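Thank you all for coming; I would like to spend a few minutes on some aromatic side chains and what surrounds them. Please have a look at the structure as it comes up, and then follow along with me.

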Amino acid sequence: MTPPATAVVVLAAGSGSRVGADRNKVLLPLGDRPVLAWSLTDVLALPAVRRVMLVVRPGEADAVGAAVAPYLGDREVHVVDGGPTRHASEWQAVRVLAPAIDAGELDLVAIHDGARPLAGAPLWGSVLAAAAEHGGAIPVAPLAGLVTTGLRAVPGELAGVQTPQAFAARELLAAYRAADADGFEATDTAGCLARYTDVRIAAVPSGPGNLKITFAEDLGLATALV
């Protein structure tokens, strides 16, 4: 069976302020390569991936391109400037993919945080497989030890949503077009799909290893993990 043709959008338009760095955190070294290169290595190894989009801060295209070039092999990535918000950055990439989606050349679109370098091939494969089956998929990890501002334990079993998130391409494009018309912005891709489509979004088990680098200690933990 032919795997669904997939485009991957990697969001790399963040900063390094909370990490305490003087540059975009995805360009910081993690082991033997930049943070961003870990995700790209995983993505480019997926047999179904036809297109890879990097969303960067305006003015950083050359720096990001130079940082990841040694890890691309003979593959190419398309670099696009991001917007002022996460949703706007996603929409910038989705608009570039729109002609291919409308032409039926893409079946799935996955969106991933470049600051989550350790998602790994198994999680990528599980998310894409679930999205192909159900129409959408997100990784979720259990959250424990949460308390309210009044220091009371939060009841019930809670889970945190991560990336990569993947969805049927046509439904994703329709949702983002509708959001653009309404002036709506979601906090993540799944939020936009949930508002404007009836796509079933499957939860794929994940864990704390798929951490997002936000603070300096996160980079230290990721370094220990690799």
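Tyr-196, with a relative accessibility of 24%, counts as partly exposed, and I should say at once that we are looking at a predicted model. Phe-184 is also classed as partly exposed, because its relative accessibility is 21% and the class of buried residues is kept for values under 20%.

What is the full count of aromatic pairs in the whole structure? A search finds two of them. In one, the rings of Trp-91 and Tyr-176 have centres 6.5 Å apart and planes at 20 degrees, and the pair is therefore stacked. This pair connects distant parts of the chain, since Trp-91 belongs to helix 3, residues 86–102, while Tyr-176 belongs to helix 5, residues 169–182, with the two positions 85 residues apart. Both Trp-91 and Tyr-176 are buried.

The pair of Phe-184 and Tyr-196 is edge-to-face, with 5.8 Å from centre to centre and 75 degrees between the planes. Phe-184 is found in the loop between helix 5 and helix 6 (189–196), whereas Tyr-196 is part of helix 6, so that the pair ties together parts twelve residues apart in sequence.

Staying with Phe-184, we also find the charged end of Arg-195 over its ring, 4.1 Å from the centre. Elsewhere, the charged end of Arg-33 sits over the ring of Trp-38, at 4.4 Å from the ring centre.

Technical notes: Residues are numbered from 1 along each chain as its sequence is written. This is a predicted model: local features need pLDDT of at least 70, side-chain atom pairs count only at pLDDT 80 or more; totals for chains, interfaces and linings use all residues. Side-chain values use heavy atoms; hydrogens and water are left out. Rings of Phe, Tyr and Trp (its six-membered ring) pair if their centres lie within 6.5 Å; planes under 30 degrees apart count as stacked, over 60 as edge-to-face and the rest as tilted. Helices (H or I, at least four residues) and strands (E, at least two) are DSSP runs, numbered from the N terminus. Buried means under 20% relative accessible area, exposed over 50%, partly exposed in between (1.4 Å probe, protein chains only). A charge sits over a ring if NZ of Lys or CZ of Arg is within 6 Å of the ring centre and within 35 degrees of the ring normal.
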